[in-house]
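Work through the exercises below with the model open. Try each task before reading its solution.

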Amino acid sequence: MRAGVMGVRWRRVGSAVLRVVVVWAVATVTMLVLAGLLPDFRLQSPHGDSATRIAVTAACGAGGFGLLSALVWPLLVRLLLLVPALVLGLLVFFLNGSLLLLALRLNPSGRGGAAWQTAVVVAAVMSAVASATGAALAVRDDEAYRRRLARLAYRRRRRRGDACPRTPGTVFIQLDGVGYDVLVDAARRGLMPTVGGWLGRPAGTGASEAGGGAPSHRLTPWRTDWSSQTGASQLGILHGTNHDVPAFRWYEKDTREVMVCNRPASAHELQRRAVERTGDAGLLGTDGASRGNLFDGGARQLALVLSMAARRGPRNRSRAGYFAYFSDPANAVRTALSFAAEVVREMAQAGRARLRGERPRVGRAGLYPLIRAFATVVERDVVVAAVIGDLLAGRTAIYADLVAYDEVAHHSGPHSEDAAKVLRRLDRSLALLDRVARHAPRPYRIVVLSDHGQSPGETFLGRYGLTLGELVRAGCGLPVPRRAAGALWGAGRRGGARGGAEARNAARAALRRPVEEAAAPHPHGHRSDPVVLASGNLGLVSFPDVPHRMTRQEIDRRHPALLPMLAGHPGVGFVLVADEVHGGVVLGAGGAAVPLDALGSLDEGSGPLACFGPGAAAAVRRTHAFPHAADIMVNSAYDPVGGEVLAFEEQIGSHGGLGGAQSRPFLLSPLAFSAPVADGATLVGAEQVHGVLRRWLAEAAGTAEPTDPGAGRRLPVQRDGAARIG
C-alpha cells in the first residue's frame, strides 16, 4: 500500500518536472527564433559562434529569465501596489524587459544582448508563449493539476488548524448591470451557453434550436428600489440595509459633503452606517471572501474592495488584491496584452459607430478606452483568479462583482453588439468557475445575480440641448450658457428636435410666474447656487444654504418658476418634493400634484407614476422618508413602448431611477436551494434579496434560517416569478 502511494507521488513529481522541461525548451526555441528575426537581439559574439554555443546561450538565457521571473517578479509586484492600476499595464512590459536584460547580462556565456526596446518585445513574446504552453500542458493533465492545487490549499488550512468543512459552500457572482430580460435573451441566442445549460438549454445551442435538458438552476426576477444602482443594491444585498441611500450621488446638508457611492471614503461611511443600523457584520461574516465589491459584507478575505481603500494600514490598501494575480509574470503579460487589445477594440468599435452614424451615441474618447479595458480585462482577470483561489481554499461564502457589462453598456447601449461580446466573455468566466468548483475540497453551489439592469435611451442633453443643472438654474433665474438659453427659447442646436417645442412651451409657461420675489431678503442669509447631481435618469436638487429639507411652499416662495418648469418639462417624468400640508407630493405634467398617501390608488392606471409600473409608489414613498433625500427629486420621462429613459448623464444605457429594465435584475439560483419567493410573488428591494441569500447560506450549513435584519416590507404579488429557458 505504501509503495503504491510512493509510486503515485513519484509519478506526479516526474510529471511536474517534465512540464518545467517542456516550457523551458519552448522558451529556448522562442528565443532562438526571435534572435533570428530581430536585428537588435543577439545570442552570439560579434565574430560569430557555433550553433551549439548559440543554443546553450539561448537555454541559459531562457532559464535565467524564468528564474528571475519566479523569484524577483513577486517583489516587484509588491512595489507595483503603490502604482495606479491604469499604469500597471505599461509597467508590466518594461519590467519584464528589464528582467530579460538582467538574465542576458548574467548569462555565463556572456554573449547575449539586446536594445531595451527589443528586450521589451522579446520578454512579452516569451512570457506569452510560456503561458500558452503551460496552459496547454495543464489541459492535458487538468485533473492532476487541480488536485494538486486543492491539496496545497488543504495543507494551508490544516497548518492553520482549520479543516475544510464538508457542507456545501456558496459562490455569489454578480454580473453588474445585466438585466433579467438581457440574460434571458442572451441564453436563448446562445451568447451565454453556460447559463443556458443551467436553465435547461444545452450548451452551445442557438436561438433556433428548441431542445432543453434538465435544468440545474431557476431564474427569478427581482425589483430594485427607486435608486437602481450598485451602491444601493449591493449595500442592501451584502449588509441587509440600504436605508438613506437615495441615489448614486447626493448632497448631505448636515456634513456639507457630496456622497458618491464609488468613492472610497463614501463607501466606507455607508458601510459603517449599515453595520451600525443592523448590528450585523454582513452576509459574508462567516468564513467569507469579498472580491471586486464596493463593500466587504463582513468578510475577512478581501481583494479590490472599495470601502477598504479608505482605511489606513498596509493590509487595507485597495490594490493589495492585485498581488496574488500579478505575482505570476505570465498572468501579468497575458493581462497586459489583453488590456492593449481591448483598448484597440474599443477604439475600433467607437470609430465604426461614428462611421455608421449610430444614434443615440455618446463620446468615447479620452481616458474611456483605458477605463473600459480595466473593467473588462484587469478587474475581471483579478477577480476571477481570486475566486478560484477561494474555491480551492474551501471558503464558505464568496461574493464577487464583475463590472464589465455595465461599463460597456453605458457607452455602447445595453442591447449593442459590443455588450453582447462582453456577455460571451462573462459566460466563459462562469464556465471556468464552474469547472474549478468541481475540483474544490468541498462541494459548491453557484448563485449568479445582478444588482440592477440598464434602460436604453437618448441623453437629456442630446434630446433637449441642455443639462438638468442648466434647466434648474434657468428655473431659479440664474445665468445659463448661451447654448442652454438657446435651447430653452428656440435657438438651440436641437430646437427643432422631437420634444423641443414642448420644452420651450413649458419653460415659457413657468417663467410667466412673477419672479420679483427673488429680490426679497432671504431668511437664511446668503443664497448659494443649487447643487444638482445626476444618477442615471434620477436627478437631485439641493439648496445648501438651507439647513433642512425644503418644502414645496418654501421652494415656490423662493423660486416660483422652478417646480412648474421641472414638472412640466417633457423630459421629466415626475418630481418628488416635501409638502407642508401632505408631507410629500409628486408633481407631474399639466399641474398634477398627488399627495404621497394617494399614490397607491393611482400608480396602476393614472397619475404621474402610472407608466412606471407596480411598486413605483412604494419605492417613492420609501425614499421620501430618507433623512438625506434631496430637496427636489427628479425622475426622467419614460417611454413604456420602447423601454427608453432620458439619462441626465452622458450614457445611452443608464440606471439609477425608475423606468424600464433598469429596475428588473435577476437571481439565478441552484434548484438545491429553496425557491427565493413563493409562486406568484416577486422580490422587492435589495434588503429582501439579502434575506434570501442569508436563508440559502443557512440551508447550505444545515442550520436554522436566521433572522433577516433587513426585512420589513411585504412581498407584493406579481405573476412573473421563475423562468426556464428553452
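The exercises cover the overall fold, aromatic rings, backbone exceptions and one helix pair.

The model is predicted: local features need pLDDT of at least 70, side-chain atom pairs count only at pLDDT 80 or more, and totals for chains, interfaces and linings use all residues. Residues are numbered from 1 along each chain as its sequence is written, and side-chain values use heavy atoms, with hydrogens and water left out.

**Exercise 1. Describe the chain as a whole.**

Step 1. Count the elements. The chain has 24 helices and 22 strands. Helices (H or I, at least four residues) and strands (E, at least two) are DSSP runs, numbered from the N terminus.

Step 2. Check burial. Of the 726 residues, 54% count as buried. Buried means under 20% relative accessible area, exposed over 50%, and partly exposed in between (1.4 Å probe, protein chains only).

Step 3. Check contact range. Contact means heavy atoms within 4.5 Å. Among contacts with a separation of 6 or more, 71% come from residues 24 or more positions apart.

**Exercise 2. Classify two aromatic pairs and place them in the chain.**

Step 1. Set the criteria. Rings of Phe, Tyr and Trp (its six-membered ring) pair if their centres lie within 6.5 Å; planes under 30 degrees apart count as stacked, over 60 as edge-to-face and the rest as tilted.

Step 2. Search. The whole structure yields seven aromatic pairs. One of them joins phenylalanine 172 and tyrosine 399, with 6.0 Å centre to centre and 35° between the planes; the pair is tilted.

Step 3. Place this pair. Phenylalanine 172 sits in strand E3 (residues 169-175) and tyrosine 399 in strand E9 (residues 397-402), 227 residues apart, and the pair links distant parts of the chain. Both residues are buried.

Step 4. Take phenylalanine 460 and tyrosine 464. Their ring centres are 5.2 Å apart and their planes are at 55°, so this pair is tilted. The two residues are four apart in helix H17 (residues 460-464), which means a separation of about one helical turn. Phenylalanine 460 is buried at 1% relative accessible area, and tyrosine 464 is buried at 6%.

**Exercise 3. Find an aromatic cluster and a charge over a ring.**

Step 1. List the cluster. Trp226, Phe574, Phe612 and Tyr638 form one aromatic cluster.

Step 2. Apply the charge test. NZ of Lys or CZ of Arg must be within 6 Å of the ring centre and within 35 degrees of the ring normal. Arginine 445 lies over the face of phenylalanine 673, at 4.9 Å from the ring centre.

**Exercise 4. Locate the backbone exceptions.**

Step 1. Recall the norm. Most residues other than glycine have a negative phi, and most peptide bonds are trans.

Step 2. Find the cis bond. A cis peptide bond joins arginine 359 and proline 360, with omega about -5°. Proline 360 lies in the loop between helix H13 (329-356) and helix H14 (368-393).

Step 3. Find positive phi. Aspartate 244 has a phi of about 65°. It lies in the loop between helix H9 (230-239) and strand E5 (249-252), and is buried at 9% relative accessibility.

Step 4. Continue. Aspartate 287 has a positive phi of about 50°. Its loop runs between helix H10 (264-278) and strand E7 (288-291). Aspartate 287 is partly exposed at 30%.

**Exercise 5. Describe how H9 packs on H24****.**

Step 1. H9 and helix H24 (residues 686-701) pack at about 30°, with axes 7 Å apart. Axes are lines fitted to C-alpha atoms, for helices over the stretch in contact, and angles run from 0 to 180 degrees between N-to-C directions.

Step 2. H9 and H24 are therefore roughly parallel. Angles under 35 degrees count as roughly parallel, over 145 as roughly antiparallel, 65 to 115 as roughly perpendicular and the rest as oblique.

Step 3. Name the contacts. Residues of H9 including Ala232 and Gly236 meet residues of H24 including Val689 and Leu693.
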